[in-house]
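Student: Could we look at this structure together, one question at a time? I would like to learn how to reason about what I see.

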Amino acid sequence: MPQLDDIDAAAVERGLDALDTPPGQEQGRNRLNRFVRAVLPPVAFLVLVIVVWQVLWAAAFWPEYQLPAPLAVWDELWSRINDGEAIGFIWTSVHRAVLGFLIAILIATPLGLLVAKVRPVRAAIGPFLSGLQSLPSVAWVPAAVLWFGVTPTTMYAVLLLGSVPSIANGLVAGIDQIPPILPRVGKVLGAGRLAASWHILLPAALPGYLAGLKQGWAFSWRSLMAAEIIATSPLLGKGLGAYLDDGRTLSNMDTVLAAIALILLVGVGIELLVFRPLERAVLRARGLSGAL
Amino acid sequence: MTATLDDKTAKPATEHAVRLAGVHKSFGQGARSVAALAGVDLDVAPGQFVCLLGASGCGKTTLLNLVAGLDKPTGGEIELNSSRPAVMFQEAALMPWLTAAANVELPLKLAGVSRSARKTRTGELLELVRLDGVGSKRPHELSGGMRQRVALARALASALHSSDESAARPSLLLMDEPFSALDAITRDVLQAELIRVWRSTGAAVVFVTHDVREAVRLGERVVLLSSRPGRVVQEWQAGDVSGVAEAALVDTINYRLREVISSHAAA
């Protein structure tokens, strides 16, 4: 009778490993192919929107000052780019938004950790933190102007009030979603409270935290634009919001639409260049890349 | 009881790796409290393989949590005479953001072991569970059985690090139904694997299961616990039975287990 032990146990195990290992994801067939698949649909949609716009303008349903020709808006945009003004507007707004966003991260991260891990703190300020998210940050502009005058401080105050709650909430959600087994494992592996935060809690909460950062950035940008539109002053320099407000005061629809295009461009650009790759890298490392 | 230890584990000075004396554990307060364990006595000798067997609600997992230090007993004493016990759960619970090797390395890092010593130790442990070569893979790229072996290597790393200091003290491995979520073929192979690892490390093992066959196959001692509250009902030596005797023992234990379970039907 053949004995079970005659078969090399190591070989059996290797065979089992080979059979059971989940097949690796096919590495994106072709970079060019993937790029085309990702870029073509939105570009096609954009072209469609412009075509419809052109048709509506040609049909002259609305007067020119309400619906200008796509080409007129493009001309306005192009001349602002050519005389370098557009870069100036973008720089004024973006450096403010980025700086404010970084400050927001520094404030919101410890705040989120406190709310997530300290029960009384959560009970006390948790509801307000979520509530603040539903308050449009424009609502803070009048108060900020009365407190700080029309100064850069006002801009930062509005921006922080908009983005800190969403970053902190993202971190809290990220920590809440950690499978309870992981902190237990940390404990039996000998992690103290601090080591557990650093080696287990924070990395485990990273996907939720990143989602919070992404939303926080969107809130920073929106809040700043709102503040720039409402509170304009030569002291502040001219950002995209002020440029947009110019369009309104001069009843120049070309300028208004060009400004909106630039604001969108910056928002989408930062999302695509910074947050998308970051999120993709983090999720892919954990085998969660399905959605992206 | 017959010791089936390899001679390389010299006889330690102490005669038990862990001793439980009259351990009580109840959850909740006052009249609504529920007793999970009611006076459990258990001695595990260094290097011994003990299987705790019982139906649902016998407090197997509670008992393991108490020994692991994840929870405190309501009464009684737990005397732990080993370095920090290594714990394995039903799920591998690997850190999904770390590679297999980094997972094994984590407890060494937490213990402040130097980088070069960590690398060597991690390599040794991965080799021990026959996973050398997949150290750079992430948990989601591994099969269930491989993940559970990484978890075993990680648990061993947490218990057996700094070998010079803890060599004097017997080590202890606590396993909470570690194979119950695996398919039958993998489970069979991993049971053999565990016996091999146990022999080569000389660690004492407390293995919780609800599978009688598994308990008899793996354990030198099989301890049957009653349910709600849990206490030790009976104990068998299963160290060197095989063939017909093994089948008979499985039947005996199964019979007793069913008796214990049916005693709950009246209530």
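Student: In the open sheet of 3 strands in chain B, what is the order of the strands?
Tutor: Keep in mind that we are reading a predicted model. The pairing in this sheet is antiparallel. Strand S2 (34-44) and strand S4 (75-80) of chain B are its edge strands, each pairing on one side only. That leaves S1 between them, and the order is S2-S1-S4.

Student: By how much are neighbouring strands of this sheet turned against each other on average?
Tutor: Here we leave the direction of the strands aside and look at the turn between neighbours. On average, that turn is 20°.

Student: Which residue of S4(B) is the bridge partner of Arg19(B)?
Tutor: Start with the strands: S1 (residues 18-27) of chain B pairs with S4(B) in the antiparallel sense, over 5 bridges. Arg19(B) has its bridge partner in S4(B), and that partner is Glu79(B).

Student: There is also an open sheet of 6 strands in chain B; what is its order?
Tutor: This sheet has mixed pairing. At its edges are strand S5 (86-88) and strand S9 (232-237) of chain B, which each pair on one side only. Its neighbouring strands are turned by 15° against each other on average, direction ignored. Reading across from S5, the order is S5-S6-S7-S3-S8-S9.

Student: Which residue stands opposite Met175(B) in S7(B)?
Tutor: Two strands matter here, S6 (residues 172-176) and S7 (residues 204-209) of chain B, and they pair in the parallel sense over 5 bridges. Opposite Met175(B), in S7(B), stands Phe207(B).

Student: Which helix of chain B packs on this sheet, touching S8 and S9?
Tutor: The helix we want covers residues 244-262, and its direction makes about 15° with that of S8(B). The strand S8 it touches spans 221-225. The helix is H8 of chain B.

Student: Moving to chain A, are H8(A) and H9(A) roughly parallel or roughly antiparallel to each other?
Tutor: The axes of H8 (residues 181-188) and H9 (residues 193-230) of chain A come within 10 Å and cross at roughly 160°. Angles over 145 degrees count as roughly antiparallel. The two helices are therefore roughly antiparallel.

Student: How many nonpolar, polar and charged residues does the contact of H8(A) with H9(A) have?
Tutor: From H8(A) come Leu182(A), Pro183(A) and Gly186(A), while H9(A) brings Ala196(A), His199(A), Ile200(A) and Ala204(A). Sorted by class, they give 5 nonpolar, 2 polar and no charged residues.

Student: Which helix gives the largest share of the side of chain A that touches chain B?
Tutor: Between the chains, 25 residues of chain A are in contact with 28 residues of chain B. H1, H8 and H9 of chain A each supply at least two residues of chain A's side. That side has 14 nonpolar, 5 polar and 6 charged residues. The largest share, 7 residues, comes from H1(A).

Student: In chain A, where is confidence lowest?
Tutor: For chain A as a whole, the mean pLDDT is 86. Confidence is highest in helix H4 (residues 85-117), at 91. At the other end, with a mean of 79, is helix H1 (residues 9-20) of chain A.

Student: And what is the mean pLDDT of chain B?
Tutor: In chain B, 90% of the residues reach 70 or more. Residues 1-12 of chain B are below 50, and so are residues 162-166. Where pLDDT is low, the predicted coordinates should not be read in detail. For chain B, the mean pLDDT is 80.

Definitions and conventions. Residues are numbered from 1 along each chain as its sequence is written. Chains are lettered from A and ligands numbered from 1 in the order in which they are written. This is a predicted model: local features need pLDDT of at least 70, side-chain atom pairs count only at pLDDT 80 or more; totals for chains, interfaces and linings use all residues. pLDDT is the predictor's confidence in each residue, from 0 to 100. Two residues are in contact if their C-beta atoms, placed from the backbone, lie within 7 Å. Two strands pair if DSSP finds at least two bridges between them. Helices (H or I, at least four residues) and strands (E, at least two) are DSSP runs, numbered from the N terminus. Axes are lines fitted to C-alpha atoms, for helices over the stretch in contact, and angles run from 0 to 180 degrees between N-to-C directions. Angles under 35 degrees count as roughly parallel, over 145 as roughly antiparallel, 65 to 115 as roughly perpendicular and the rest as oblique. Ala, Val, Leu, Ile, Met, Phe, Trp, Tyr, Cys and Pro count as nonpolar, Asp, Glu, Lys and Arg as charged, and the others, Gly among them, as polar.
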